[in-house]
Amino acid sequence: MFEVRRRPVRSAFLVGTHAMAVRKIWIEEGCISCNLCEDIASEIFVVAAGKTCHTKKGHERLLGKDPELEERIHEAVDSCPVEVIQIDED
Ligand code: SF4
């Protein structure tokens, strides 16, 4: 049995405060297929029925262009109950 850990979702006051851009996203082992990341940023994450999360093909072209999407990516990272979403920023 796994322990679900919830981290606080970012406040709306923090939208647009990230100075760094997300350059790479990957999912480590341990996804519990809760769908939270897909609910938050469906342009980036997909959780197919019976599968664990993965990043959508071609999602890289969306990175570093839209601050609102960047903020939702961070929200997905912070919301993942098992902390398996990883990002590189610059
Ligand atoms: S939020 Fe985390 S555990 Fe939930 S589907 Fe996404 S990667 Fe998997």
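**Exercise 1. Contacts of Cys80**

Task: In this predicted model, determine which residues Cys80 is in contact with, leaving aside its neighbours within four places in sequence.

Solution. Once those sequence neighbours are set aside, the contacts of Cys80 are Leu36, Cys37 and Ile85. Cys37, Cys80 and Ile85 also belong to the largest nonpolar core, where they are among the residues with the most contacts inside it.

**Exercise 2. The nonpolar core**

Task: State how many residues the largest nonpolar core has, and identify which elements give two or more residues to it.

Solution. The core has 15 residues, and those with the most contacts inside it are Cys37, Ala41, Phe45, Ile73, Ala76, Cys80 and Ile85. Two or more residues are given to this core by each of β1 (22-27), α1 (36-40) and α2 (67-79). In soluble globular proteins, nonpolar side chains tend to be buried together.

**Exercise 3. The ligand shell**

Task: Find which of the 16 residues around the ligand come nearest to it, and describe the shell by class.

Solution. Cys31, Cys34, Cys37, Cys53 and Cys80 come nearest. By class, the shell comprises 14 nonpolar and two polar residues, with no charged residues. Cys37 and Cys80 therefore appear in two settings: around the ligand and, by the criterion of 20 or more other C-beta atoms within 10 Å, as buried members of the core.

**Exercise 4. Geometry and packing of α2**

Task: Decide whether the end-to-end distance of α2 agrees or disagrees with the expected span, then establish what its buried residues pack against.

Solution. The helix has 13 residues, which at 1.5 Å a residue should span 18 Å. Its end C-alpha atoms are 18 Å apart, so the two values agree. The buried residues of α2 are Glu70, Glu71, Arg72, Ile73, His74, Ala76, Val77 and Ser79. They pack against β1, α1, β2 (45-46) and β4 (85-89).

**Exercise 5. The setting of Leu69**

Task: Classify Leu69 as buried, partly exposed or exposed, and name the residues it touches beyond four places in sequence.

Solution. Leu69 is found in helix α2. Because 17 other C-beta atoms lie within 10 Å, Leu69 is partly exposed; the buried class needs 20 or more. Beyond four places in sequence, Leu69 touches Ala41, Glu43 and Leu62. Leu69 and Ile40 are 29 residues apart in sequence, with their C-alpha atoms 9.3 Å apart in space.

**Exercise 6. Overall arrangement**

Task: Give the pattern that the protein follows along the sequence, and what percentage of its residues is buried.

Solution. The protein contains two helices and four strands, in the pattern β-α-β-β-α-β. Of its 90 residues, 22% are buried.

Methods
Residues numbered from 1 in each chain as written. Predicted model: local features only at pLDDT ≥ 70, side-chain atom pairs only at ≥ 80, totals over all residues. Near = placed C-beta within 6 Å. Nonpolar A, V, L, I, M, F, W, Y, C, P; charged D, E, K, R; others polar. Core = buried A, V, L, I, M, F, W, Y, C linked by C-beta atoms within 7 Å. Buried ≥ 20, exposed ≤ 12 C-beta atoms within 10 Å, placed from the backbone. Contact = placed C-beta atoms within 7 Å. Expected span 1.5 Å × (residues − 1).
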